[in-house]
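Q: Please take a close look at one part of this model and describe how it is built and what surrounds it. A connected account would help, with the cut-offs stated, and it may then turn to another part for context.

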Amino acid sequence: MAVTISQVSFEHHRVALGIGETSPRISWRYEGSVSNWSQSGYSVEVSRGSPPQVEFFNANSSSSILVPWPTVSLASAEAATVRVRAYGEGHQPDTPWSDPFSVETGLLTEDDWLGTIVIGADRETEQNLPHQPLLFRKEFSVANKIKKARLYITAYGLYQASINGKVVGDAVLAPGWQSYSHRLVYDTYDVTDLLLAGKNAIGVHVGEGWYAGRLGAGAGNRNLWGDTLGAMALLVITLPNGTQVVQTDETWQASTGALITSEIYNGEVYNSSLEQTGWSSPGFQAPGTAEWIGVKELASPYGQLAAPDGPPISRVEEVHLQEVLTSPTGKTILDFGQNSVGWLRLRVAGPEGTTITLVHTEVLENGEIATRPLRNASQTDKFTLSGNGVQVWEPTFTYHGFRYVQVDGWPTDDTPLDGKAVVAVVVHSNMEQTGYFECSDPLINKLHENVHWSMKGNFMSVPTDCPQRDERLGWTGDSHAFSPTANFLYDTAGFWRGWLKDFQSEQVNGAPPVVIPSVPAAGGVMATAIWGDAIVVDPWNTYLASGDLEALQAQYIGAKAWLDSGIPRRTTGLWDPSAYQFGDWLDPLAPPDDAGKATTSSLYVADAYLVYVTGIVAQMASELGIDEDQSHYEDWAANLTVAFRDSWVSSDGIVANETQTGLALPLYFDLFEDANQTQAAATRLQKIIEANSYLVGTGFAGTHLLGLALTKHNLSDTFYQMLLQTTVPSWLYQVKMNATTTWERWDSLLPDGSLNPGSMTSFNHYAVGSVANWIHQVVGGLAPADPGWKTVKVSVMPGGNLTWAKASYLSPHGKISTEWEVNEAGFHLRLDVPPNVFANVTLPGSGQTQRVGSGTYQFTDTEFRL
């Protein structure tokens, strides 16, 4: 079979329009099953300009990931088309030329914005109240035929742009959430097809979003980055005889419309009687009830403007109505059968003035919607009908986490409440899915599906803890635990790159906040282990998945600062005991009202992680070729290891906390003095687990590493037994309780079906789903042996009741997959390795490892039995 190039990409952009890199690195992905195919070199064709100027470049290199841009840097708003072909080693076949792939830069300097300003409505802004969304509009004429047009846009708040009455692009909740005082993303759209020769109009609808909305538990905080909504837009129209520009300036007009309030936590209120139909079309005549006013210039964001690193939030899929329920009190409740994140789209007709109220919850309690877990987030949308026939409506500047929706006020006489009238729209950062897994146990499959759904629901421009209550914040500890799983399931490199920039920008004297972007209600800057350690671990995990050394170099600065100045220490170099620690948060034995009261000392946990992350920074320095730093951090890690043993480990190897977490951490981090102590500790951990009936005994600190620690010490069978348990606390307990996402607590729902009484009771938290990392590596048998998956570690370890499994990962180089079965004839493994990739294959019976190149392989061990 021939080898071909299936995709060419630039940096980590899924769509390379409006990027910020002037010399974007180029990557390509292979298809084909040619045996032992390796790249000896490549050619790149770059076409740019009008008429096109074509250049060819050749390189003798096996690299196909993030190779250097081969020619003169792109200028602002400059486009190029790129094709690639690769050459096989020796007598191996060469690839044909790839399809052409386009790349185009955004606006790279302040001058490129041509003096565009941010405009706000010329009125007093709301004080300590939700901000009513604003409409901004401008009419203009285009005299000539349009060759192309680009809209560059951002907002103080969230925006939705329209040209001639048509919505621009498919992004929602744009420009997403950033640490706006450091970075405000602008987006670029190709709007050529939306413009007309003659009269045109552009409109920008702006809601408060994260920028000025309420954030944080309880009363939270409003107006964290500003108290006035604003829009900034530059429309550049290329004509046969020149360029025409339309930009936000003081000639625009502002008004309000049918959207009364739109809050992240509380939902939207929409009154159709206040619609201004045609407001973003030319020739618009405002209704007599509307007032259009002037605009004013707001503070400039030029120092913070940035092109996006990752994909926007988009509508990705839809979930259809499963059942219409009637509650014990007579309420109408919609059950969509899946806990998801987004909103409802309504298609409804009814009498004028009818108000439909939609209350979104994740679960029911006693047959009624359970709103207590939402705390101070109402998740309620209100839609008032116009009475003018069928209306199609969905929210614009909010989102909800829900499976169930209580509906009041539905006009059933005019519109049946059924699957034709309502659909759930699922939104999240539109990353490419890369990881897949399936096995012979339907409960494990459902667990994996739930992990996937929880990731989708919480990767919303930032990695949030939950999508439903008055929180939804970028908790760093959660990302620390989950990032390896995330990096397998999706191409997260661009997503992390943007968020990690904010992580580093928010550091104060080396210490970051525990949520990024920082929200005062969550505590601000706080030096604490695991959460702070994410500034080391998240970049490292991203590097292992992507192979992006340039990104690692940028993020190394923050990792160093955390170790060098961010951590308060005692004289031994370990953590200062007075520093607050979350520790093994949500240990299953912690009381419902005290999530940090774990069975393992929080200081013990912090010190163990400190040794671990110091070693990772040494590895970062090694990869970056910074030899002096490497030696420094290696020595520091060695000294901290001794200090840890002196503080926490007895002379005979007994640790201060003989718990699942207390033993898993030093076993995974290699903290014991010798092999005898290590083996004895592993045996004790196995016995502790057995004595606990193979139920989970770990919280945030231990859960994501427990399986890996057991496998590292040849105890995978023990973890298989844990994974297959179905009583609380266990992963499959949630599945047996009909969960469709992973929960915050092991028992967010109690065995009798009642809610956990704790104030933190989310049914969509991804952290405990970190177990999927073990599933991918051990059951699926796939892990990167080299950063970027140039070499794959293939090591399937069958166990439990599983008789088959299959996993695949769409790596930067191409698709890697395993499919295995154990039957009466032994163990059978099929392995597919893409071109230009190697695999180190270890079979479960013999334990022997062999190295193979690309191609399809069949491995059999007739002696192997479960």
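**Helix 10 and a mixed sheet**

A: The cover over the buried residues of helix 10 includes helix 9 (660–669), helix 11 (700–712) and helix 12 (716–723), where contact means heavy atoms within 4.5 Å and buried means under 20% relative accessible area, with exposed over 50% and partly exposed in between (1.4 Å probe, protein chains only). This is a predicted model, in which local features need pLDDT of at least 70 and side-chain atom pairs count only at pLDDT 80 or more, while totals for chains, interfaces and linings use all residues. Residues are numbered from 1 along each chain as its sequence is written, and side-chain values use heavy atoms, with hydrogens and water left out. Helices (H or I, at least four residues) and strands (E, at least two) are DSSP runs, numbered from the N terminus.

Helix 10 spans residues 675–691, and its 17 residues reach 24 Å from the first C-alpha to the last, close to the 24 Å expected at 1.5 Å a residue; the expected span is 1.5 Å times one less than the number of residues. Its buried residues are Gln677, Thr678, Ala681, Ala682, Arg684, Leu685, Gln686 and Ile689. At the N-terminal end, Asp674 acts as a cap, with a side-chain oxygen 3.1 Å from the backbone nitrogen of Asn676. (A polar contact is a pair of N or O atoms within 3.5 Å; within protein, one must be able to donate a hydrogen and the other to accept it, and residues adjacent in sequence count only if both atoms are side-chain atoms.) After helix 10 comes Ser693, with a positive phi near 60 degrees.

For context, an open sheet of 5 strands follows the order 2-7-6-4-5 with mixed pairing, two strands being paired if DSSP finds at least two bridges between them. Strand 2 (17–19) and strand 5 (53–59) are its edges, each pairing on one side only. Strand 4 (residues 39–48) is mostly covered, with 9 of its 10 residues buried. Strand 4 pairs with strand 6 in the antiparallel sense over 9 bridges, and Val44 stands opposite Val84 of strand 6. Strand 4 is also joined to strand 5 by 7 bridges, again running antiparallel, with Ser43 opposite Asn58. These two strands, 4 and 5, form a hairpin with 4 residues between them, and Gly49 in the turn has a positive phi of about 90 degrees.
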